[in-house]
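Visitor: I am new to this structure, and I would like to hear what stands behind the terms as we go along. Could you take me through it step by step?

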Amino acid sequence: MKDSFKKYIPFKQIDIKNREWPDKVIDKAPVWCSVDLRDGNQSLVDPMNLQEKLEFFKLLCDMGFKEIEIGFPSASETEYEICRKLIEGGYIPDDVTIQVLVQAREHLIRRTFEAIEGAKNVIVHFYNSTSVLQRKVVFKKDKEGIIDIAVQGAKLIKELTEKYEGDTNIRFEYSPESFSGTEMDFAVDICHKVMQELGSTKESPVILNLPNTVEMCTPNTYADQIEYFIKHLPDREAAIISIHPHNDRGTGVAAAELALLAGAERVEGTLFGNGERTGNLDIVTVGLNMFTQGVDPKLDFSNLPKYKEIYERCTNMKVHERTPYIGELVFTAFSGSHQDAINKGMEYMKATDSDYWEIPYLPIDPADVGRQYEPIIRINSQSGKGGAAFVMANNYGYKMPKQMHPEFSELVQKKCDELGRELIPSELMKIFEDCYINIKRKYEIVGHPTVKELGEDGNVVEIQGILRTNGDEATDIKISGIGNGPIDAFFHALESVGICDYKFVDYSQHAISTGSDSKAVSYIQLMTPRGGSIFGVGISGNIYRSSIFGVLNAINRAEQEN
C-alpha cells in the first residue's frame, strides 16, 4: 500500500474571488425534502414493502415535511403501485407535495406522468449525469450530447404538463447528477438551458438540485461550488437552489451547512442519514444543529425515540449509539469531570431558573427531543466521585452531601472493577443499601428511642433508649443523654456507656418521599479513633431518630473496618 495514494487525483479547487459564504450565518430553515422513500429505500438490503412505506410516509408528514420524494415510479411495477396507492388511498395531505424521480428518458418520463395522475401537488424531478468522469466512462458523450439529453427531457416534460388533464399542480426539478464532479461553467450552462426549455420564471421557478452525488472534496469546496453557481446563473430569480449532499468523506452535514451559507434554499436528505455507500445527508442532525442555535428548523423533532423506532423497524437499519441527538449514549456521561460539570449545571439551572439552556457537555436539553426519562450519567470505571451521587439523587432521591461523594464513589469503583463493566442504577442502590443501610451492627438500639424536648425553646433534648451489643440480649443496657439537639444528646448517651472515641464532624438531612409516608434520611460524618472520616446513614419516619440511627450506623461501619 506504500505509494497507493499517488493514484488518486487531487480535487480541483474552484476559482472564486471574494467568496462571501464564510461571513454568513444560518438564520432560517431551508425547504426540506425527504428522500427516505427513494434514495434511502434503494440503499436498503431489503427495500421497504408497501405497508412500511405507508407508515414511513405518515411519519414524515407528522414531522412536518411538505415535500417528500416517494419513489421512482417508472423503475419497476412495485414502485409504480406504491405511488398509485399513496394517491388513490388518500394518504397525501393537501399541503404536502410528493416528488417523483425519473431519468431524462422519454419512455420513463411518459410512465411517470401516468403514475402521478390524480395527485394534487407533484414535483417531477428529472436528471442526467453531467460529470467529467461519467461523460468519459459511462455515456461516452461530449458536453453537447449531455446537454441534449437534459433539454430533450425538459421539452417532453413541459409538453406533457401542458397537455395534462385534471387539477394536478406540477412543478419541475432538474438535477445535474454528479454536480460536484462537473465543471462549474458547464453546470451553469446546462441548468440554464433546462430553465429556458421549461419556461421558468420568478413566479414559477424550477428547482435546480445540485447533488454532492459522491462527496469528493472538503465541505468548503462544495460551498464554493454553490456560491459560484448562484453568482453565474442567468435568471437567478427563476430558480430555487437545492442541495443533495452525500457522506462519502463523512462530512455530509458540514457540506450541507456550508452550502446553506453559500445561498442554497432547499435541502434533500434522509432521517438519520440512510443512503447509498456511507449515506445521505442526515436531516435530523442538520435540523437540530439549527435548533441549538436558536433557529426554528420547521420540523418536529420532539419525539425522536418514536421516529427512531419506526425508522429501525421499517428499514432494518440500526441507529448508531453515537449518532448525534438520538444515539443511545449521546446524552450519557461516563467521565468523572463531565459528570461533575453536568451535575453542577443541573443545580445551576434550578437555582437561577434560567430561560436559557446552560449545562456543560449537553448542547441540547434531552427533553426537547423526547428523551427526558433517560439517564444522563452512567457509571463505569471511568466515572468520577460525583457521578454515582448524581444517579442516586435523580433515580432514588438520596442527595448525599458533597463530602460523602468520594467515599461512596470508592465503593462503586470497587464494584465496577470487580465486575469489569458498567453499573446500572439498581446496582448502585444495592451498594448503597448494603454499605449504609443493611449493615452488620455491633451496636443497635432496641425498639424506639425516645426524644424529649426540654425547656421552652426546645433547643435542649433528652434521649433515652436500650443499647444492645453484638445482638446479645444479655448486653441490653439503658442509656440516656441530654444535649443541644438529638445528635449531641445521643453522643452523651453513648459516652455514658464508654463509647467515646468518635467525634462528630457534620450532618445533613432531607425527606426521601412525600405525603403521609414521608421519611427523613440523615447523613452523619464522624471522625474515627484512627483519625479517618466515615459516614453513616439513618432513615426513619421521625427526623430525630433518623439522626440517631445515622450516628450509630457510622460507628458500626467503623467497627467493621477495625
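Guide: Let us begin with one pair of residues: Glu173 stands opposite Ile207 in E6. This is a predicted model, in which local features need pLDDT of at least 70 and side-chain atom pairs count only at pLDDT 80 or more, while totals for chains, interfaces and linings use all residues. Residues are numbered from 1 along each chain as its sequence is written, and side-chain values use heavy atoms, with hydrogens and water left out.

Visitor: Why are strand E5 and strand E6 called paired?

Guide: Two strands pair if DSSP finds at least two bridges between them, and strand E5 (residues 169-177) and strand E6 (residues 206-212) are joined by 2 bridges, so they count as a parallel pair. The names themselves come from DSSP runs, numbered from the N terminus, where a helix (H or I) has at least four residues and a strand (E) at least two.

Visitor: What makes helix H4 a neighbour of the sheet?

Guide: Helix H4 (residues 106-115) packs on the sheet and touches strand E3 (97-103), strand E4 (121-129) and E5, where contact means heavy atoms within 4.5 Å. The direction of H4 makes about 160° with that of E3; axes are lines fitted to C-alpha atoms, for helices over the stretch in contact, and angles run from 0 to 180 degrees between N-to-C directions.

Visitor: Which strands make up the closed barrel?

Guide: The barrel has 8 strands with parallel pairing and runs E1-E2-E3-E4-E5-E6-E7-E8, with a twist that averages 25° from one strand to the next. Strand E1 (residues 31-34) pairs with E8 over 4 bridges in the parallel sense, and Ser34 has Gly269 as its bridge partner in E8. Strand E7 (residues 239-245) is joined to E8 by 2 bridges, and there the bridge partner of Ile243 is Val267.

Visitor: How do you know which way the residues of strand E8 point, and are they buried or exposed?

Guide: In a regular strand the side chains alternate between the two faces of the sheet. In strand E8 (residues 266-269), Arg266 and Glu268 point one way, Val267 and Gly269 point the other way, and all are buried, a word that means under 20% relative accessible area, with exposed over 50% and partly exposed in between (1.4 Å probe, protein chains only).

Visitor: Why is helix H10 called mostly covered?

Guide: In helix H10 (residues 283-291), 8 of its 9 residues are buried, among them Ile283, Val286 and Met290. What covers these buried residues includes E1, helix H9 (252-261), E8 and helix H11 (304-315).

Visitor: What makes the other sheet, E9-E10-E11, one with edges?

Guide: Its 3 strands form an open sheet with antiparallel pairing. Strand E9 (443-454) and strand E11 (472-483) stand at the edges with a single partner strand each, so one side of each is left without a neighbour in the sheet. Strand E10 (residues 460-469) pairs with E11 over 8 bridges, and Gly465 has Ile479 as its bridge partner in E11.

Visitor: Which helices lie across these strands?

Guide: Helix H16 (residues 486-495) lies across E9, E10 and E11, at about 130° to E11, whereas helix H17 (residues 543-561) lies across E9 and E10, at about 140° to E9.
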